[in-house]
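I had this one open on the screen today and kept notes as I went. Pull up the viewer and follow along with me.

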Amino acid sequence: MPLDHLLIVAFVLFVVGAAGVMVRRNLIVVLMSIELMLNAVNLAFVSFSRQMVDHDGQVMVLMIFVVAAVEVAIGMAILVNMYRQKRSLSVDVFHSMRG
Amino acid sequence: MPTDLHFSLMIPELVVLGSAVLVLLLDAVLHGGGPRPGEEDPRDTTLALSVVGCVVAAAWIPAVLWNIEGPRSSFNGLFVADRFSLFFKLVVLVGAALSLLLSDSWLRRRRLSSGAAHALVLFATSGMMYMVSAGDMVTLFLGLEVMSIPVYCLAALLRWEDRSVEAGVKYLVLGAFATAIMLFGFALLYGYQGLVGGVATTQLEPLQTTLMANAEALPLYARAGGLLVLIGLLFKISAAPFHMWTPDVYEGAPLPFVAFMSVAVKATAAAVLLRVFGGPLLAVLGLDGMLWVVAAFTMVVGNFMALVQDNVKRMLAYSSIAHGGYILVGVLAGSAEAQAGVLYYALAYTVGNVAAFAVLVYLSRQGHEAERFSDLQGLGARHPLVGGVMVLAMLSLTGIPPLVGFFGKFVIFKAAVAQGYVGLTILALLTSAVSFAYYLRPVIALFMRPTVGCEVAVIPVNRRVALCMGLTSLAICALGVFSESYLGWLSSAVLALAG
Amino acid sequence: MQPLLAQTAQAIAASAGQAVAHGAGGGHGAAEGPIVAVAPTVEATSLLAVVILLPLLGAALNGFLGKRLGTQGVNLVGCGTVALSALLSWKLVLDLVQLSGPGHAAGGNFGLHQNLFPWIHVGSFQADFALWLDPLAAVMLLVVTNVGFLIHLYSIGYMKGDPGYARFFAYLNLFLFSMLCLVLGDNLLVLFLGWEGVGLCSYLLIGFWFEDRANARAGKKAFVTNRVGDFGFALGMMMLFAVFGTLEPQAINQALAVPQGSLPATVPLWTLEAAALLLFVGACGKSAQIPLYIWLPDAMAGPTPVSALIHAATMVTAGVYMVARLNGVFFHAEFACYVVIVVGASTALLAATIGLVQNDIKKVLAYSTVSQLGFMFVAMGAGAWAVGVFHLMTHAFFKACLFLGSGSVILAMHHEQDMRFYGGLKRFMPTTHWTFLFATLAIAGIFPFAGFFSKDEILWNAIASQRGGTLIYAVVLLAAFCTAFYMFRILWMTFWGEHRGVPEGHGHDHGAESADDDHHHHAHGDPQESPWTMTVPLMVLGVLSLVGGFLGVPAVLGGHFGFPNLLHDWLHPVFQYSTVALDPTMAHNHAMEYGLMALSLGVAGLSIFLTWLLWGGGKDALRDIFAEKSPWLHDLLWNKWYVDELYESVLLKPLVFVSREVLWRIVDEVIIDGLVNGVASFCKQAADKMGRAQDGDVGNYATIMVAGMVVLLLVIVGFGVGT
């Protein structure tokens with residue numbers, strides 16, 4: 001598979017993820033969208049890495065995996081607290097601070 | 001297999017990490033919730049351990065590392081302990097130690113376990129230290145996350161309070177979003193380095209060399225990669241329009257940790273901006289015009305929005321955005337003098353802002369955060385020393401000579417003029433004149449309004465907060481008046497960056 | 001540091017000398033051949049810092065420990081530190097006199113120098129926290145510390161029993177510290193430190209009685225107006241640095257010590273003009289000149305000693321001092337000087353005419369200060385630096401005396417400031433009356449009081465200088481006429497004639513005191529003379545108002561008797577390379593000078609005579625004669641020639657119109673309110689707009705980030721690879 005195609009897929013994935021963060025109201029879906037963006041990044045790194053027969057990019061991907069897992073764990077912990085308070089996971093319940 | 005494993009360069013980081021782990025363990029063992037009758041208060045132990053960790057790590061830097069002979073980079077270039085990074089580590093450690101001192105009484109008054117919070121501060125600090133030492137995308141990214149994730153937790157620390165959780169969620173979502181953007185930029189730059197530079201690597205220095213060498217014909221994707229990385233960092237320094245999280249997070253997050261976030265995160269972001277985009281690289285990537293716009297926009301948004309706030313924390317949040325704008329002016333100017341100015345500014349902002357937060361922490365009581373301007377009314381007469389600290393902090397942040405804040409601005413603006421950014425400097429001067437208006441408000445509230453209600457009784461003096469206020473106000477005066485004594489440090493730090 | 005200064009100065013002066021030698025010198029100014037500026041004679045000292053730090057120590061002690069010190073302690077700390085500082089300043093000036101021998105021999109400037117510590121060295125930029133006492137600074141130093149001490153002493157009596165007693169002295173000491181930094185700073189950065197510091201203290205002291213909203217607003221107004229000026233000052237400072245690479249006035253003046261029109265090629269004239277204009281904007285803010293004068297009358301909300309110290313004797317003259325300090329810049333910037341002289345003359349007249357009809361005693365004095373500062377700027381614009389400084393000094397004496405006298409009256413009248421309720425106070429307060437009379441004679445310019453000499457020199461320079469002219473002279477003379485008039489009006493209304501007293505029910509109700517007292521005149525009892533802490537400063541200042549002028553007797557008067565112009569000679573080393581020559585047709589026209597002197601005396605006399613007719617016994621005496629024969633004349637006199645009405649319709653209405661409707665509108669409502677309210681409301685709107693984006697919605701925040709990112713990406717793509 002040529003590099004260009006892989007990169008285009010990565011870019012599309014990234015845009016889809018970003019769009020998800022922007023428009024989805026459920027915070028779990030928003031976190032999933034961020035995961036999607038990170039996966040797009042991973043794809044890009046891996047594609048470059050394969051093209052150039054280099055390991056650095058793959059190391060980076062492993063790191064991103066780990067950090068993404070941590071982020072989700074923390075995110076879920078905070079969301080649980082939020083659900084306890086608000087009984088909702090929608091972005092729309094967050095308007096107490098503004099202006 | 002890398003052959004240069006110089007762990008000795010990493011001693012400050014290891015000390016901080018080690019004390020973080022110890023604090024966490026001790027907290028679990030010693031029932032961090034409060035003292036049992038007849039026993040020593042375990043919270044004293046964890047606080048002492050955390051602060052000592054920071055102080056030892058900080059002391060190690062000038063004592064040993066600053067003048068160390070031999071190589072300053074380690075782990076195959078992943079970790080760089082040059083004087084530039086050492087300076088910022090010092091700033092970060094000072095900010096962390098002061099915030100720890102502040103947080104203790106605040107946490108106790110709310111009967112919160114202090115061990116976990118202290119451990120989080122220490123973990124975040126170690127992340128910042130790795131980040132400013134990063135010579136590679138991997139370390140940069142890992143440092144960034146080790147910094148960010150504990151900070152998200154700190155924002156959401158009051159998990160039964162709406163606003164705190166809201167702050168945590170917002171920070172987490174937007175922070176992760178910004179990280180993803182930055183990582184995509186790194187992926188593009190990695191690809192560029194491999195395809196054009198010949199040697200595929202995630203290290204930063206070869207990448208910079210390749211970019212500079214091909215300055216004439218940079219493909220769009222390389223420039224876009226640079227832009228995405230820049231945006232990730234601009235988010236952390238809260239530059240407009242990537243600043244939207246800042247006021248909400250600052251307002252919701254617990255007071256002492258806002259102090260930590262505002263000073264340490266911003267200093268770290270400034271350091272990384274300088275390391276990655278310092279010098280002519282910005283112009284090579286064609287990002288200087290864009291940074292001009294962002295800096296101008298940031299100063300305007302930060303200062304003007306700060307004018308209309310009624311919440312002191314929110315006002316300080318917007319003003320911190322504005323300070324980010326001034327730092328960007330220095331980054332944009334890019335000359336050695338401007339970079340020294342940024343270092344100076346980071347230090348000035350740290351002590352000034354921590355002093356302001358220290359006063360707010362001092363005036364807060366359980367169930368009553370000193371947040372509104374009206375909460376400060378008339379307290380200057382009752383606590384002249386505390387009021388004096390606030391005045392010093394505000395004057396320094398505004399930039400009145402001879403306080404340290406003035407020189408930060410002065411050096412940056414002068415360097416910017418020298419580099420031909422006259423319009424931006426005039427805008428910066430005008431907006432900092434605007435900042436007078438809102439920085440005077442706490443002073444007016446403290447000294448020029450009658451006290452409201454009598455429930456604001458005499459607040460018992462907390463020694464740790466008092467120590468924090470004393471140290472910061474001393475620093476505000478002394479660093480301004482005797483700036484010459486340490487400017488040599490700044491210059492050598494900047495020289496390290498230049499290579 | 002000092003050798004470096006001397007080196008740069010010599011290097012620049014040498015290049016300037018070359019420029020002259022190459023025949024570039026077509027200057028029509030001082031045309032005594034090429035000047036090679038002599039570098040200043042410098043001697044190190046370690047006492048200057050002590051002079052500065054003593055008031056700071058006082059401020060710290062009173063500010064932090066004030067409550068524990070007790071009244072006596074506060075007095076001792078507040079006045080003691082300033083007294084020591086004043087004594088030390090005398091010692092230093094005597095040292096300077098010792099130095100003046102060798103200094104004069106070499107022909108250069110001379111001074112004492114102290115480098116406290118290297119302040120900031122970044123790249124090419126160096127600034128030390130250094131102090132410099134040369135003859136010019138010495139004059140200011142003595143005025144500031146000594147008048148400052150007298151006013152501190154006075155404040156003991158005036159502020160007695162005020163709940164913020166210690167705070168007041170802390171602010172006052174802090175002010176003196178800042179003012180001394182301003183005066184003694186060896187580079188513009190230290191000067192700027194003082195400049196900001198005095199502004200801050202002024203703000204704090206105007207709003208001292210902050211319970212009153214109006215006072216707080218007056219303080220705010222003063223602060224914001226000064227910010228407008230400071231903006232100009234900061235830009236001018238940066239401009240000077242860009243041209244000269246240094247911020248030291250000594251080095252800058254030394255570099256400019258060339259005849260007019262033969263500037264070195266490295267110094268384009270337009271940069272000097274621009275820098276001078278920007279600096280003058282700063283001076284306008286601090287020294288209350290059109291259009292930034294409006295804060296000063298409002299600043300009278302502060303306690304009267306503050307008005308005397310800050311808003312009459314010292315701080316407001318900082319602008320004049322700064323121009324004198326940078327005389328080299330203004331010497332070459334001829335256009336800027338025209339602006340200075342026009343603004344100065346207009347301010348002098350405008351403020352004097354407004355002062356004619358004010359009824360609040362402090363307001364009259366405030367407008368008088370604005371007007372007198374205008375006089376000083378006329379001298380500066382005419383290039384007669386020494387004359388401006390001379391008037392600055394005499395003005396400090398007599399205006400401080402006037403303010404303190406008014407404070408004494410205000411205290412005796414239980415904080416009533418309306419002169420219509422005064423009258424006949426001479427009987428109750430003889431000391432205050434006599435000192436006030438002396439100071440009034442001085443400001444009116446009556447021989448041999450201090451103001452006569454300094455004001456006359458200004459008038460002479462206004463017409464005889466190459467930068468002056470007949471029109472300027474006429475305007476200033478008219479202002480002098482008004483000055484004598486409004487000052488004697490105060491005397492008549494306050495001290496002479498019948499005591500009118502405060503009618504019952506007016507303003508200040510002091511409760512039981514006036515309950516069953518049918519002599520409403522004496523509702524508060526007879527006015528009392530003030531305690532000695534207040535009258536002693538008055539007497540000292542009164543005497544100085546009488547004799548202060550003999551320091552600067554003009555050559556045309558003193559020369560015949562071998563009486564030198566002491567101040568002029570003393571300041572000569574500072575200004576020697578930058579003195580603007582007089583118009584050749586005027587320079588030696590002694591007859592003209594005598595004539596003009598007589599004219600101004602006559603004008604003042606006429607003015608005083610008019611006040612006698614209007615308020616004094618003249619009216620009664622003339623009334624008896626005219627009452628029967630010409631009732632209309634009687635009416636005319638009885639109604640003070642309808643002068644008030646005349647002012648109203650002819651003079652005041654248009655002036656007030658100009659001042660209120662034009663200047664006020666522009667400065668106060670557009671600039672000040674623009675900054676305070678306008679910008680605030682603009683910001684509110686803008687912030688509302690931005691705040692609407694800041695709606696707390698995470699999704700929207702992400703969208704805005706992405707939008708910003710996309711725009712920036714497009715910018716990159718749009719600008720292509722070309723950059």
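**Entry 1: one alanine in chain B**

I began with Ala213(B) and asked whether Ala213(B) counts as buried or exposed. Ala213(B) counts as exposed because it has 11 C-beta neighbours inside 10 Å. The cut-offs I used: 20 or more other C-beta atoms within 10 Å of a residue's own make it buried, 12 or fewer make it exposed, and anything in between is partly exposed, with C-beta atoms placed from the backbone. Ala213(B) sits in helix α7 (residues 204-213) of chain B. Helices here are DSSP runs of H or I with at least four residues, strands are runs of E with at least two, and both are numbered from the N terminus. I also looked up a partner in space: Val284(B) is 71 residues from Ala213(B) in sequence, and their C-alpha atoms are 9.7 Å apart.

A note to self on ground rules: this is a predicted model, where local features need pLDDT of at least 70, side-chain atom pairs count only at pLDDT 80 or more, and totals for chains, interfaces and linings use all residues. Residues are numbered from 1 along each chain as its sequence is written, while chains are lettered from A and ligands numbered from 1 in the order in which they are written.

**Entry 2: the rest of chain B**

I found 20 helices and two strands in chain B. The radius of gyration of chain B is 22 Å, which agrees with the value near 23 Å for a compact globule of 499 residues. That radius is taken over C-alpha atoms, and the globule rule is 2.2 Å times the number of residues to the power 0.38. Along the principal axes, the C-alpha atoms of chain B fill a box of roughly 70 × 55 × 45 Å. Buried residues account for 68% of chain B.

Next I checked confidence, using pLDDT (the predictor's confidence in each residue, from 0 to 100). Chain B averages 86, and 93% of its residues score at least 70. Among its elements, helix α5 (residues 137-155) has the highest mean pLDDT, 95, and helix α15 (residues 379-382) the lowest, 72.

**Entry 3: chain A**

Which elements does chain A have, and in what order? From the N terminus on, they run α-α-α, and the count is three helices and zero strands. I compared the radius of gyration with the globule rule: chain A has 17 Å, whereas a compact globule of 99 residues would have one near 13 Å. The C-alpha box of chain A is roughly 50 × 25 × 25 Å along the principal axes. I noted that 40% of the residues of chain A count as buried.

**Entry 4: cores**

I then looked at nonpolar cores (sets of buried Ala, Val, Leu, Ile, Met, Phe, Trp, Tyr and Cys residues joined through C-beta atoms within 7 Å). The largest has 262 residues, and those with the most contacts inside it are Val41(A), Phe184(B), Val329(B), Ala355(B), Ala358(B) and Val359(B). Leaving out residues up to four places away in sequence, Ala358(B) touches Leu102(B), Val389(B), Val465(B), Cys468(B), Met469(B) and Thr472(B). Contact means C-beta atoms, placed from the backbone, within 7 Å. A second, separate core of 241 residues includes Ala218(C), Met238(C), Val364(C) and Tyr473(C).

**Entry 5: chain C and its neighbours**

Chain C has 27 helices and three strands, and 56% of its 723 residues count as buried. Helix α3 (residues 135-158) of chain C spans 34 Å from first to last C-alpha, close to the 34 Å expected at 1.5 Å a residue; the expected span is 1.5 Å times one less than the number of residues. Of the 24 residues in α3(C), 22 are buried. In helix α11 (residues 318-325) of chain C, eight of eight residues are buried, among them Tyr321(C) and Arg325(C).

How many residues of chain C are in contact with chain B? There are 45, facing 46 residues of chain B. The largest share of that side of chain C, 13 residues, comes from α27(C). The side of chain C that touches chain B divides into 34 nonpolar, eight polar and three charged residues. For these classes, Ala, Val, Leu, Ile, Met, Phe, Trp, Tyr, Cys and Pro are nonpolar, Asp, Glu, Lys and Arg are charged, and the others, Gly among them, are polar.

Last, the contact between chains C and A takes ten residues from chain C and eleven from chain A. Here α27(C) gives the most to the chain C side, with five residues. That side divides into three nonpolar, five polar and two charged residues.

Technical notes: Contact = placed C-beta atoms within 7 Å.
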